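User: I am new to this structure and would be grateful for a close look at one part of it. Please treat that part in a single connected account.

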Amino acid sequence: LEPCCHYGNTPPCTEDIIKSGISHVHVAIMDPNPLVNGSGIRELEQAGIQIFTQECSQEASEIAEGYLKLVRTGKPFVTAKFAMSMDGKIASTSGDSKWISSEDSRIVSMSLRGQTDAIIVGVGTILQDNPNLTVRNISGELHHRQPIRVVIDTSHRTPDDALIYKAPGPVIIVTSTTVNRDLGSITTKTNPNLEILVCGSEEGSVDLISLLEILCKRGMTNLLVEGGGTLLGSFFDLGLIDKVVAFISPLLIGGNQSISPIEGKGSHTIADAIRLKHSRSLLIGNDVMMTGYVG
């Protein structure tokens, strides 16, 4: 990223570069921040430093994708992540989903969590899988930095003994109406960092657009939506997803009642379907991780 040339929480990077005697600087991408946006490069060039630009720009843009979207749009960067069978199912007819992906894929998935500010799931995922939604290393130890865990729970169904309350770090239960049951035991005994956030729409559901605005204002700029299918469908229907990471496992589940990763309204025709850009695949053990960008 282009070196900054303005005072913020720290002094300008350009000043330190010039003072250091560095003679060459390689800049992969310009900083779209209006306070920089080419000014950093010009300042270095005026000091006699040779600048090389646009090297590995695609790779750099992916590393800084959350920051770049925030600066350009004021909105958070949202990644949809799911694991599915080869026939496109995330659970069997009984709802069983452990484990579709391999252990190697789950390690990679854990690293994705470690790069995010908040993990978002629907209450159905909590009821079915009872996940911790934490970040752990290969040995199973909790990472020192945990993303905020956000549960979309319109009807206040998150159990008092859900594992998300027992893991360290803040938990936000997002509902569309004022809570109609006593949550005192959860707040004082299970997780003192629990927050109940009312963010409803006129239709009585959670207003996801407003929710993302609230999370972004709180400094959460990289968001990971882990499902289930109803929640992911809503995010896609509203055009809120920027990136998709799918782990595809070589197993077949079948069944017309088995659960798909993305529900919602969907596309009326194939021509209307979302075609991901800059897509690529990576073999992880026996699984395939596919990544692509929306728009």
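User: How much space lies in the second largest pocket? Please also describe the lining of the second largest pocket and the elements that contribute to it.

Analyst: The model is a predicted one, and the values given here are computed from it. The second largest pocket holds about 510 Å³ of space. Its lining consists of 24 residues, and those nearest the centre are Glu65, Thr79, Leu112, Gln115 and Lys243. By character, the lining of this pocket comprises 11 nonpolar, 8 polar and 5 charged residues.

Several elements each give two or more residues to this lining. The helices among them are H3 (57-63), H4 and H5 (103-114), while the strands are S3, S8, S9, S10 and S11.

The strands that contribute belong to an open sheet of 9 strands. Its order is S7-S6-S5-S4-S8-S3-S9-S11-S10, with mixed pairing. Strand S7 (194-198) and strand S10 (277-284) are the edge strands, each of which pairs on one side only. From one strand to the next, the twist averages 20°. Strand S10 is thus both an edge strand and a contributor to the pocket lining.

Helix H4, which spans residues 65-73, lies across four strands of the sheet: S3 (77-85), S8 (222-227), S9 (243-249) and S11 (287-293). The helix runs at about 135° to S3. Helix H4 and these four strands are also among the elements that give two or more residues to the lining.

A residue in the loop between S3 and H5 may be considered next, namely Ser101. Ser101 counts as buried because its relative accessibility is 12%, and the cut-off for a buried residue is under 20%. Leaving aside residues up to four places away in sequence, Ser101 touches Ala83, Arg106, Ser249 and Asp287.

The other edge of the sheet offers a point of reference. There, strand S6 (residues 171-175) pairs with S7 in the parallel sense over 5 bridges, and Ile172 stands opposite Glu195 in S7. Pro192 is placed in the loop between helix H7 (184-190) and S7. With 64% relative accessibility, Pro192 counts as exposed, because the cut-off for that class is over 50%. Pro192 and Tyr165 are separated by 27 residues in sequence, and their C-alpha atoms lie 8.8 Å apart in space.

In summary, the pocket is lined by 24 residues, with helices H3, H4 and H5 among the elements that give two or more residues to the lining.

Note on methods
Residues numbered from 1 in each chain as written. Predicted model: local features only at pLDDT ≥ 70, side-chain atom pairs only at ≥ 80, totals over all residues. Heavy atoms only, no water. Pairing = 2+ DSSP bridges. Axes fitted to C-alpha atoms, helices over the stretch in contact; angles between N-to-C directions. Contact = heavy atoms within 4.5 Å. 1 Å grid on protein atoms, 1.4 Å probe; cavity = no way out; pocket = protein on both sides within 12 Å on 5 of 7 lines; lining within 4 Å. Points joined across faces, edges and corners; volume = space filled by probe spheres on them. Nonpolar A, V, L, I, M, F, W, Y, C, P; charged D, E, K, R; others polar. Buried < 20%, exposed > 50% of the residue type's maximum accessible area, 1.4 Å probe, protein only.
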